[in-house]
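Q: Please take a close look at one salt bridge in this model and describe the two partners and their surroundings. Then set that pair beside others of its kind.

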Amino acid sequence: MLANLLARWRLLVQSLAVILASSVWSSSALADWKLNMPVGVTPTSQDIYGLHMLIFWICVIIGIVVFGAMFYSIFHHRKSRGAIPAKFHESTTVELAWTIVPLLILVAVAIPATRTLIAMEQTGDSEITIKATGYQWKWKYDYLEDDIGFFSTLSTPREELYNLAEKNEHYLLEVDNPLVLPVNTKIRLLTTAADVIHAWWVPELGLKRDAIPGFINDNWMIIEKTGTYRGQCAELCGKDHGFMPVVVEALSKEDYAKWVAEQKGETTADASQAAGAAATQTDAVSSDAAPAQAAADREWSMDELMAKGEQVYGQHCVACHQPNGQGVPPTFPALNGGAIATGPVDAHIDIVMHGKAGTAMVAFGAQLNDEDIAAVITYERNAWDNKVGDMVQPAAIKALR
């Protein structure tokens, strides 16, 4: 009976060993075990990683020495061997040793740590300055030298958020407009906020800065490799804190110059010239200006406003007021049948554009263009059970600015 149990136990152990050997210790399994911090693609991130590994190995050595001495003492001075405890109290040598050795270790660690901290603050001689402003719950990026600005909002489909569709690889880490930057260029990043405290954080760039209302923090980076780098807001900033990703797209200098030219609406010839010089700026009139102007001035149909409004609502309003317009009272009031969406249209426009002080309703006048504001107001007044029937044209919003 005992031999049978031992045989079964040996078989179980062998089976577990095979499973571990084929899974845990396989290269593919180990590749998924990302237990360490990333090395990163900027000098700062690499310095931080080197500092982290230095301190890690110092801690490993200290652990081996301390636990080695402890286990050696437990084993060789155990009572069963007849060990007799020593009769002493103070030891000047020991006191000096455990005071001087930690002091030397701290000094050895402080030197590279201080060097890294000082280097992180050297924002001078930057070639590009970007201002990142945190909003609940999105980021606004302003390219100060090129007069380019846009909002970056979570683009994960709402079906994935509500478990109605399979989640993709970059779930909650994808945006409609990423921050585009050139490689091998010193970039100064200014961070601030328009409402509450946020934090701009991208691990592979080795950069994390608080974004505080009324205060500007700065940092710098030189991205050494093209690619897409993802991060998040790292400060608890409200109910949708987890829906505020940061996505940085690093391009070559030539591709970045082309992107800048496209954003400024320059012609193809201007874009080629900018790509060759990597710094050429022109005053060309935007080729998209005429269509944009026409979109704001023309008369929109109800169907067009409703389709556009549903899209804008899904990007900017659904998190607080919910897909069915029921909101989360009292913090986020219902729009379906609510006094705002069914009341005077002027009051509706005012609260969307200017927000409401003392509440979570922020001003969208600076965040959305004329078409977006007109469309989302029209949508809110005619969606769900709201059948007010009126429309707000982009031209009316333009006239109010």
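A: In this predicted model, R188 is partly exposed, with 29% relative accessible area. The side chain of R188 forms a salt bridge with that of D218, at 3.0 Å from N to O. R188 belongs to strand β5, which covers residues 186-193, while D218 sits in strand β8, residues 217-222, so the contact ties together parts that are 30 residues apart in sequence. D218 has a relative accessible area of 19% and is therefore buried, the cut-off for buried being under 20%. The pair thus joins a partly exposed arginine to a buried aspartate.

The search of the whole structure gives seven salt bridges, and two others may be set beside this one.

One of them links K239 and D240, whose side chains meet at 3.2 Å, N to O. K239 is partly exposed, with a relative accessibility of 39%. D240, by contrast, is buried, at 7%. Here too a partly exposed basic residue is paired with a buried acidic one.

The other links D142 and K140, with 2.6 Å from N to O between the side chains. D142 has a relative accessible area of 15%, so it counts as buried. K140 is also buried, because its relative accessibility is 16% and the limit is under 20%. In this salt bridge, then, the acidic partner is buried and so is the basic partner.

Notes: Residues numbered from 1 in each chain as written. Predicted model: local features only at pLDDT ≥ 70, side-chain atom pairs only at ≥ 80, totals over all residues. Heavy atoms only, no water. Salt bridge = Lys/Arg side-chain N within 4 Å of Asp/Glu carboxyl O. Buried < 20%, exposed > 50% of the residue type's maximum accessible area, 1.4 Å probe, protein only. Helix = DSSP H or I, 4+ residues; strand = E, 2+ residues; numbered from the N terminus.
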